[in-house]
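Please examine the fold shown here, with attention to how its strands and helices are arranged. The explanation that follows begins at one hairpin and proceeds outward from there.

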Amino acid sequence: MSNPHFETDVLIAGAGPGGASTSVFLAKEKINHIIIDKAVFPRDKICGDAFSGKSVGILKRITPAWQDYFLTDKNKAVVSTGIQFTAPDNTCLDIPFLLKNTKEQIPAGFVSKRIDFDNTLAGLIDNQYATLLTNTLLEDIEEIKDGLLVTIKQHGERKQIFTKMIVGAEGRGSIVAKKMAQHTMEPAHYSAGIRAYYKNVSGMHEQNYIELHFLKELQPGYLWIFPLPNGTANVGVGMLSKSISLKKVNLKQLMLEAIKTHPTLKDRFVNATIEGPIDGWGLPLGSKKRKLSGNRFLLTGDAGSLIDPFTGEGIGNAMVSGLVASRVIKKAIDANDFSIHFLKQYDDELYTKLWTELKLSHYLQILSSKPRLFNFVVNKASRSKELKETISCMFENVDIRKKFMNPLFYLKILFNR
Ligand SMILES: Cc1cc2nc3c(=O)[nH]c(=O)nc-3n(C[C@H](O)[C@H](O)[C@H](O)COP(=O)(O)OP(=O)(O)OC[C@H]3O[C@@H](n4cnc5c(N)ncnc54)[C@H](O)[C@@H]3O)c2cc1C
């Protein structure tokens with residue numbers, strides 16, 4: 001081996017929510033590491049920009065002062081207190097998020113452009129333990145004796161890093177996932193999404209509820225309108241890739257058409273103006289269990305396909321995977337064991353945390369593609385306080401989500417007026 005430019009125990013590839021949170025939690029364990037990103041922050045990431053209670057929970061563990069970092073600048077984030085569903089038959093259902101600890105006034109969710117959020121999160125990377133190299137692209141990984149030889153391109157110059165292990169956190173299309181775990185893109189477990197920023201969309205919810213519109217043409221998937229500061233909204237559509245090819249859907253056309261003609265949307269966009277382009281990106285869904293570790297590697301966030309298949313939410317799971325990765329890495333360093341057998345505990349621990357929820361969300365994704373059943377549930381819920389509360393709890397409580405898998409649940413709501 002020729003002399004590498006850098007040597008480390010742990011290399012994290014990618015400084016988005018998955019990589020940055022792995023780094024922050026590794027620093028809490030006092031573990032030195034290198035984290036690289038091909039971009040220079042602040043950088044955009046195509047996203048709905050919505051952060052759930054799960055993200056809030058992890059941000060609190062990153063720093064108790066998280067609100068000071070992410071929420072105090074009113075030009076950068078709005079607190080959201082609920083969710084509005086519109087069923088394929090245009091019935092509307094408002095569901096407030098449950099506030100677990102109302103004394104502390106913890107926001108249940110918020111919306112913030114990723115260009116701002118990711119920059120703030122990357123700013124929390126602790127340079128006492130982490131060396132953050134931006135404008136540094138991961139190009140290749142080679143297994144050698146006692147470690148990995150990683151080729152990077154830093155500011156256009158090709159260099160090498162020797163590391164005992166690597167964390168794949170480069171998001172969709174991760175090189176670590178492809179090369180070391182042989183992941184491929186599977187259209188039945190992958191969605192495509194497009195996003196645009198609009199100014200002056202009227203009729204936004206006064207408490208900044210995020211809106212999901214389950215249009216008939218978009219099943220399984222939805223159109224979203226998420227409120228942002230200063231009269232801006234993040235508007236986008238997402239749909240399962242398998243259905244996009246089967247139905248030959250053009251997402252951009254479909255979104256523009258819906259905004260122009262759909263009965264519940266068209267009036268709201270009369271005075272709205274688009275800001276910037278309509279951009280698209282892929283969502284690797286967690287509807288199938290995948291290999292998340294192996295000899296000298298772990299996968300976090302989108303690199304490990306951990307996006308919720310019903311809601312399209314991936315930031316919370318990316319940060320949860322960063323937390324679990326840091327714990328397993330600490331154990332691997334202490335044991336000086338980076339083998340496939342040792343690192344397998346990462347898959348076990350992470351799927352123990354996430355799989356029940358991902359499986360149920362897969363079920364809900366299938367349910368949402370059946371417009372009649374979806375209309376029925378939303379219609380009933382719009383008239384039943386009890387069912388509304390059940391749906392509200394469903395976002396926090398996986399056991400309540402299980403109810404939706406039981407046919408008796410539908411019989412019960414059929415006869416319960
Ligand atoms: C249209 C759309 C809407 C979405 N809406 C939401 C939403 O509202 N809420 C939500 O929770 N989730 C949403 N998601 C999912 C969410 O965006 C992802 O789950 C989340 O960004 C995953 O974080 P990550 O850190 O794993 O990957 P990323 O955020 O993609 O970060 C990966 C990082 O790696 C870097 N990188 C990539 N390749 C390399 C390389 N070769 N070398 C070095 N660095 C590299 C990138 O520059 C980037 O900084 C949405 C996704 C899409 C596509």
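In this predicted model, strands β14 and β15 form a hairpin with 3 residues between them. Within that turn, Asn-230 adopts a positive phi of about 60 degrees. The two strands, β14 and β15 (residues 232-240), run antiparallel and are joined by 8 bridges. One of the paired positions involves Leu-223, whose bridge partner in β15 is Val-237.

Strand β14 deserves a closer look. Of the 8 residues of β14 (residues 221-228), 8 are buried, so the strand is largely enclosed by the rest of the structure. Its side chains alternate in direction: Gly-221, Leu-223, Ile-225 and Pro-227 point one way, whereas Tyr-222, Trp-224, Phe-226 and Leu-228 point the other way, and all are buried. Apart from β15, strand β14 also pairs with β13 (residues 210-213), to which it is joined by 3 bridges in an antiparallel arrangement. Here Leu-223 recurs, for His-213 stands opposite this residue.

On the β15 side, the pairing continues to strand β12 (residues 190-199), which pairs with β15 in the antiparallel sense over 9 bridges. Val-237 of β15, the bridge partner of Leu-223, also has Ile-194 standing opposite it.

These pairings belong to a wider assembly. Strands of a sheet pair through backbone hydrogen bonds, either parallel or antiparallel. In this case 7 strands form an open sheet in the order β6-β5-β13-β14-β15-β12-β16, and the pairing is mixed. The edges are occupied by β6 (92-96) and β16 (273-284), each of which pairs on one side only. Direction ignored, neighbouring strands of this sheet are turned by 20 degrees against each other on average. Helix α7 (residues 251-261) packs on the sheet and touches β12, β14, β15 and β16. The direction of α7 makes about 45 degrees with that of β12.

A position remote in sequence also lies beside the start of this account. Thr-311 is located in the loop between β18 (297-299) and α8. Although Thr-311 and Gly-221 are 90 residues apart in sequence, their C-alpha atoms are 8.7 Å apart in space. Is Thr-311 buried or exposed? Its relative accessible area is 18%, and a residue counts as buried under 20%, so Thr-311 is buried.

The loop that holds Thr-311 leads to helix α8. At 1.5 Å a residue, the 21 residues of α8 (residues 315-335) should span 30 Å, and the end C-alpha atoms are 30 Å apart, which agrees. Helix α8 is mostly covered, with 15 of its 21 residues buried. Just after α8, Asn-336 takes a positive phi of about 45 degrees. Helix α10 (residues 371-383) likewise may be compared with its expected span: its 13 residues reach 18 Å from first C-alpha to last, close to the 18 Å expected at 1.5 Å a residue. The buried residues of α10 are Phe-374, Asn-375, Val-377, Val-378, Lys-380 and Ala-381.

Another open sheet has 3 strands in the order β3-β7-β4, with antiparallel pairing. Its edge strands are β3 (50-51) and β4 (77-80), each pairing on one side only. Strand β4 is joined to β7 (residues 109-112) by 4 bridges, and among these pairings Ala-77 has Ser-112 in β7 as its bridge partner. Helix α4 (residues 114-123) lies across β3 and β7, running at about 105 degrees to β7.

A further hairpin is formed by β9 and β10, with 2 residues between them. In its turn, Asp-146 has a positive phi of about 65 degrees. Strands β9 (residues 136-144) and β10 (residues 147-154) run antiparallel and are joined by 8 bridges, with Val-150 in β10 as the bridge partner of Ile-141.

Helix packing can be followed in α1 (residues 17-28) and α2 (residues 53-62), whose axes come within 10 Å and cross at roughly 35 degrees. The contact is made by Ser-21, Val-24, Phe-25 and Lys-28 of α1 and by Ile-58, Arg-61 and Ile-62 of α2. By class, it has 4 nonpolar, 1 polar and 2 charged residues. The crossing of α1 past α2 is left-handed.

Finally, the chain may be viewed as a whole. Its secondary structure comes to 13 helices and 18 strands, and 56% of its 417 residues count as buried. Among contacts with a separation of 6 or more, 71% are accounted for by residues 24 or more positions apart.

How values were computed:
Residues numbered from 1 in each chain as written. Predicted model: local features only at pLDDT ≥ 70, side-chain atom pairs only at ≥ 80, totals over all residues. Heavy atoms only, no water. Axes fitted to C-alpha atoms, helices over the stretch in contact; angles between N-to-C directions. Left-handed = near helix turned anticlockwise from the far one by under 90°. Contact = heavy atoms within 4.5 Å. Nonpolar A, V, L, I, M, F, W, Y, C, P; charged D, E, K, R; others polar. Expected span 1.5 Å × (residues − 1). Buried < 20%, exposed > 50% of the residue type's maximum accessible area, 1.4 Å probe, protein only. Pairing = 2+ DSSP bridges.
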